[in-house]
Amino acid sequence: NIQGYTSYRKDRQVGRGGGVALLVRDGIQSLAKEDIGTDEVESLWIELRNCKGKKTLIGVIYRPPNSSPDVGCKLQQELKLACNKGNATVVMGDFNMQV
């Protein structure tokens, strides 16, 4: 733990390495949104609320290189679900996609 921050993390369940984490400064209301993520995608979804009550959904994603196409489909489903929450949404991470 880092003093002055709330730590959120989702460790990889199988294999070596991986996982995602997010630090939220103390004083910022935050809540893990476990209804968005799945076990198939390494993701973490946190809802932040500012002092005026406005919500922002933060998504942290890790997609391993050479993932199966199924992982991409599951990720797309998560993103749709997150965007349908009606909040401002910020998604960040390592997608390992060639464009």
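This note goes through the cores, the strand pairing and the salt bridges of a predicted model.

1. The largest nonpolar core consists of nine residues, namely Y8, V20, L22, V24, L44, I46, L48, I58 and V60. The elements that each contribute two or more residues to this core are β2 (20-25), β4 (42-49) and β5 (55-62). As a general background to such a cluster, nonpolar side chains in soluble globular proteins tend to be buried together.

2. Within that core, Y8 deserves a separate look, and leaving aside residues up to four places away in sequence, Y8 touches V20, A21, L22, V24, S30, L31, A32, L44 and I46. Several of these contacts are themselves core members, including V20, L22 and L44. Another core, of seven residues, lies apart from the one that holds Y8, and I36, V41, I61 and L75 are among its members.

3. The strands β4 and β5 are paired in the antiparallel sense, over eight bridges. In this pairing L48 stands opposite T56 of β5, and L48 is also one of the residues of the largest nonpolar core. For a regular strand, the general expectation is that side chains alternate between the two faces of the sheet.

4. The hairpin formed by β4 and β5 has five residues between the strands, and in it G53 adopts a positive phi near 90°. G53 belongs to the loop between β4 and β5, and its relative accessible area of 33% is the reason that G53 is classed as partly exposed. The C-alpha atom of G53 is separated by 9.3 Å from that of Q29, although the two residues are 24 residues apart along the chain.

5. On the parallel side of the arrangement, β5 pairs with strand β6 (residues 88-94) over seven bridges. Here I61 has G93 in β6 as its bridge partner, and I61 is also among the members of the seven-residue core. Together with helix α1 (residues 69-83), the strands β5 and β6 make a right-handed β-α-β unit.

6. The structure holds four salt bridges, of which the pair R9 and D11 may be taken as one example, its side chains meeting at 2.9 Å, N to O. R9 counts as exposed because its relative accessibility is 57%, whereas D11, with a relative accessible area of 40%, is partly exposed.

7. A further salt bridge joins the side chains of E42 and R12 at 2.8 Å, N to O. This pair links distant parts of the chain, since E42 sits in strand β4 and R12 in the loop between β1 (5-10) and β2, 30 residues apart. E42 counts as buried because its relative accessibility is 15%, which falls under the 20% cut-off, whereas R12, at 25%, counts as partly exposed. In general terms, side chains of opposite charge can pair when their charged atoms come close.

8. K85 forms a salt bridge with D35, in which the closest N and O atoms are 2.6 Å apart. This pair, too, links distant parts of the chain, with K85 in the loop between α1 and β6 and D35 in the loop between β3 (29-32) and β4, 50 residues apart. K85 is partly exposed at 33% relative accessibility, and D35 is likewise partly exposed, with a relative accessible area of 45%.

Technical notes
Residues are numbered from 1 along each chain as its sequence is written. This is a predicted model: local features need pLDDT of at least 70, side-chain atom pairs count only at pLDDT 80 or more; totals for chains, interfaces and linings use all residues. Side-chain values use heavy atoms; hydrogens and water are left out. A nonpolar core is a set of buried Ala, Val, Leu, Ile, Met, Phe, Trp, Tyr and Cys residues joined through side-chain atoms within 4.5 Å. Buried means under 20% relative accessible area, exposed over 50%, partly exposed in between (1.4 Å probe, protein chains only). Helices (H or I, at least four residues) and strands (E, at least two) are DSSP runs, numbered from the N terminus. Contact means heavy atoms within 4.5 Å. Two strands pair if DSSP finds at least two bridges between them. A crossover is right-handed if, with the strands pointing away from the viewer, the path from the first strand over the helix to the second runs clockwise.
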